[in-house]
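Subject: Handing over a structure, with notes on its aromatic pairs

Hi,

Here is the structure I promised to pass on to you. Please have a look at it first, and then read my notes on the aromatic rings below.

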Amino acid sequence: MKKRFLLGPAGSGKTFQCLAEARACLRESQRGKPLLFIAPKQATYQLERELLSADELVGFSRLHIVSFERLARFVFDKLGLPVPEILSEPARVMALKALLLRHQEELSIFSRAARKPGFAAELSNLLREFQEQQLTPTALRKTIQLCRHPELKQKLQDFALIWENYSAWLTRQSLIDSGDLLESATRLIIEQGSALQIEAIWLDGFAQMTPQERGLFRAITRKSEAVTIAFCLPGEKLYGSEWQGPWHLVHQSFLRLRNELASIGPWEVEVLELSGGKHRFIQSPTLFELEKGLRNGVPMLQPAGDGLKIVSCLNVEEEAQLAVDEILRFVRSGGRFREVAVLVRSLDAFASPLQRALNRYRIPLFLDRREPIAHHPISELTRGAMRLARHGWNHEDIFRTLKSGLCQIDNADLYWFENCALSSGWTQEDWEQGLALRKPDPSLQSQVANIYERLMLPLLPFLKRVTGRVSGIAI
């Protein structure tokens, strides 16, 4: 069976062909050597749905649609070895924070920031980047010797010191870091992977791959009879390494991986082209011309037709408001909110302005990014209620519970209720027995009583039952 690179522009059918080949293998036999489909973590569920969309396939067992992290766990499982105990991200941050405090006197630049909130998390992110690039404390020490910038040299020395002590601590605790999982799986394949046999591998959906991912992929590729690697490239245009353009990053990934895999065997290059009038922009000639121009390296300078509008805004807030206006115009003309997507280069700068603008007009939204579990509504509600039982009825814990988003109250009523609490100075006895305004007003007192009955009375039985049980728990 062959090993090949599958190239083609978006919409040319690369993923469709990979899935069709996987279906053919499954129809031939549901038993046999494993099949692997490697894709970005966020795409694995969608690929599973698409694979099962064909009527002739109602399930599968030997095909594994995995991200690189799950691929590493797959390797341990197939070789009959337990996955090493892995230190989670929160635990890693705690360990780094403890090491910063323990070695604070030995640090030069980092000593001033060692106790600052969030510094250990930033250090953890930096450590992950170093691990993904397969750097080690030893290699970092060699780099430090060549550094001529005094302040940068001190920062690198501080980081190397923390990294070395962190690695030693992991060894003493018989743990591995989550950033070392791929490295561990790669070493396992090289040292003990003689029994690992794969029938076919498909890799699709990656624009870039870290050295760790490429190392694991090279190792698993040697154990497979057939390999297909799909890249979103307009064709086999083997530009020089200095070529720049819209496809530069993908092209560099293709060249790098092709060079690294050259020793495994002969690799074919198959190019898919958009077929005639069958393409994803068939109903929008303007978008088709834009995509064609980008594909050929000749971008459209002047939009034509109704499918594209280019607008210049002064700041991010104006861009967010423009998106809201376009969404409302689309929905009022018969569209649906779920048919709309807002794409940005990075959510770091756009998430908050977009969220404020969309919420202002009550437009439902889903942000495609991870949120800290500590700020999940259920966590906020649970933590607030438990703190009420542990520490008494203080203002901060009461309104943390009410602002969790799971209490049936409008924001306007909630803010009014909070102002009443501040102005009246309600004590724990007031909260447990009923609330009274400092300045009696029958209409306002009736509104307070209504909110109290709806929100606070359901909490009282819970608090009475758990107050004694959580008295020794730090929440």
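To start with, is Phe 130 buried or exposed? In this predicted model, Phe 130 is buried, its relative accessible area being 14%.

Now for the ring pairs. The count of aromatic pairs comes to twelve. One of them joins Phe 130 and Trp 163 in an edge-to-face arrangement, with 5.7 Å from centre to centre and 85 degrees between the planes. Phe 130 sits in helix H5 (residues 119–132) and Trp 163 in helix H7 (residues 150–173), so this pair ties together parts that are 33 residues apart in sequence. As for the partner ring, Trp 163 is buried too, with a relative accessible area of 6%.

Another pair, Tyr 166 with Trp 169, is stacked: the centres are 6.4 Å apart and the planes make an angle of 20 degrees. That stacking fits the cut-off, because planes under 30 degrees apart count as stacked. Both residues belong to helix H7, where they are three residues apart, or about one helical turn. How buried or exposed are these two? Tyr 166 is buried, at 1% relative accessible area, whereas Trp 169 is partly exposed, at 22%. The limit for buried is under 20%, so Trp 169 at 22% falls outside it.

One last item for your viewer: Phe 5, Phe 231, Phe 254 and Trp 267 are linked by ring pairs into a cluster.

Happy browsing, and do write back with any questions!

Best wishes

Technical notes
Residues are numbered from 1 along each chain as its sequence is written. This is a predicted model: local features need pLDDT of at least 70, side-chain atom pairs count only at pLDDT 80 or more; totals for chains, interfaces and linings use all residues. Side-chain values use heavy atoms; hydrogens and water are left out. Rings of Phe, Tyr and Trp (its six-membered ring) pair if their centres lie within 6.5 Å; planes under 30 degrees apart count as stacked, over 60 as edge-to-face and the rest as tilted. Helices (H or I, at least four residues) and strands (E, at least two) are DSSP runs, numbered from the N terminus. Buried means under 20% relative accessible area, exposed over 50%, partly exposed in between (1.4 Å probe, protein chains only).
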